Amino acid sequence: MKPQIRRPGKGKAVELRFEGLTKSYKTKYALKDFTVTLTEGVYGILGPNGAGKSTLMNLLTDNVRRTSGSIYFNGEEILKLGAAFRREIGYMPQQQGMYDEFSANRFLQYIAGLKGLPRKRAAEEIRELLELVGLADSSHRRLGTFSGGMRQRVLLAQALLGNPSVLVLDEPTTGLDPEERIRIRNYISEISANKIVLLATHVVSDIEGIASEVLLMKQGTLLKKASPAALIAGISGRVGEGAVTREGLAALQKQYKIGNIFHCKDGLRLRLVADKLPEGFSPVEDHIGLEDVYLYYLEKL
């Protein structure tokens with residue numbers, strides 16, 4: 001008998017559970033003892049390059065073989081579920097691998113065929129998804145003529161084919177201009193209901209405002225998992241601003257994690273994070289953001 005997905009009862013959320021998930025290459029860990037439970041919502045996976053974000057995505061989609069640990073979907077190991085789980089996952093890769101001679105419509109038909117969607121259902125979904133991502137009027141244009149942002153929207157649409165329960169987005173706004181970044185974020189927010197959405201990025205603005213929780217990762221390890229509000233509250237008193245001379249700036253840059261440098265009428269004003277603020281710096285209380293959280297936990301000195 002083929003493995004079947006255990007569907008939650010009415011009103012119950014789907015669940016994705018990672019237990020001790022590890023991937024190593026000889027003596028180097030790409031991901032180490034990753035343990036977390038996720039239910040419906042948007043999870044921003046935030047970390048610098050090399051943090052283990054893409055490794056996590058590849059292990060979840062079974063593109064890479066894990067060293068140890070388990071991944072459970074609604075209580076069942078995904079390796080046991082096999083194709084049944086793959087039908088529940090939508091993946092938007094970081095790289096734009098497409099057939100440039102295909103139209104958007106044909107490309108989505110091709111992906112629908114790979115996913116095993118019936119032709120009639122596929123046609124309906126493709127029409128709806130192209131409308132959702134604002135490409136209905138460009139559906140018959142060759143992908144080779146699309147801008148980077150349009151191609152990213154096609155990749156988002158293909159990930160949504162089959163109405164998956166788990167949506168995996170690996171750096172979905174890489175290389176996009178600010179307008180397209182906002183557009184992609186809005187689409188993700190719009191389609192996130194009743195899904196587990198994992199959005200891996202090193203760009204804080206990609207998740208600020210749409211993530212229900214943030215997972216901070218560094219060197220293959222999960223540092224923190226909390227709501228944006230809780231993460232921000234956790235660094236209260238550790239974000240400061242103060243006036244600084246150009247000579248003083250150089251010295252502070254060697255000792256502290258520096259955020260923004262402002263030009264004001266009295267000279268330079270500096271924002272930094274530290275467990276103990278330097279003399280002359282006042283704590284910032286009312287406009288701390290995830291950029292400050294990222295700087296505090298993830299940036300190197």
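1. In this predicted model, strand β1, which covers residues 16-25, pairs with strand β2, residues 28-38, in the antiparallel sense, and the two are joined by seven bridges. One of the partnerships to look up in the structure is that of Tyr25, whose bridge partner in β2 is Lys28. The two strands form a hairpin with two residues between them, and in that turn Lys26 has a positive phi of about 60°.

2. The next point concerns the open sheet. Six strands make up this sheet, in the order β6-β7-β8-β3-β9-β10, and their pairing is mixed. Because β6 and β10 (221-226) stand at the edges with a single partner strand each, one side of each is left without a neighbour in the sheet. From one strand to the next, the twist averages 15°.

3. Within that order, β3 and β8 can be followed residue by residue. Strand β3 (residues 41-46) and strand β8 (residues 196-201) pair in the parallel sense over six bridges, and Leu46 has Thr201 as its bridge partner in β8. When reading along a strand, a student may keep in mind that in a regular strand the side chains alternate between the two faces of the sheet.

4. How do two helices come to be described as packed in a certain way? Two packed helices are described by the angle between their axes and the distance between the axes. For helix α6 (residues 148-160) and helix α7 (residues 178-190), the angle is about 15° and the axes are 10 Å apart. Since angles under 35 degrees count as roughly parallel, α6 is therefore roughly parallel to α7. The crossing of α6 and α7 is right-handed.

5. The largest pocket has a volume of about 430 Å³. Its lining consists of 19 residues, of which Arg86, Arg87, Ile89, Gly90 and Lys115 are the closest to the centre of the pocket. Both α3 (83-86) and β6 (89-92) supply at least two residues each to this lining, so that β6, a strand at the edge of the open sheet, also takes part in the pocket. Sorted by class, the lining has nine nonpolar, six polar and four charged residues.

6. The second largest pocket has a volume of about 170 Å³. Which element gives the most to its lining? That is α10, with four residues, while β12 (257-264) and α10 (290-298) each supply at least two. Among the residues that line this pocket are His202, Arg271, Glu291 and Asp292, and the lining as a whole divides into three nonpolar, three polar and four charged residues.

How values were computed. Residues are numbered from 1 along each chain as its sequence is written. This is a predicted model: local features need pLDDT of at least 70, side-chain atom pairs count only at pLDDT 80 or more; totals for chains, interfaces and linings use all residues. Side-chain values use heavy atoms; hydrogens and water are left out. On a 1 Å grid over the protein atoms alone, a cavity is a set of points where a 1.4 Å probe fits but cannot get out, and a pocket is an open set with protein on both sides within 12 Å along at least five of seven lines; lining residues have an atom within 4 Å of a point. Grid points are joined across faces, edges and corners, and a volume is the space filled by probe spheres set on the points. Ala, Val, Leu, Ile, Met, Phe, Trp, Tyr, Cys and Pro count as nonpolar, Asp, Glu, Lys and Arg as charged, and the others, Gly among them, as polar. Two strands pair if DSSP finds at least two bridges between them. Axes are lines fitted to C-alpha atoms, for helices over the stretch in contact, and angles run from 0 to 180 degrees between N-to-C directions. Angles under 35 degrees count as roughly parallel, over 145 as roughly antiparallel, 65 to 115 as roughly perpendicular and the rest as oblique. A crossing is left-handed if the near helix is turned anticlockwise from the far one by less than a right angle, and right-handed if clockwise.
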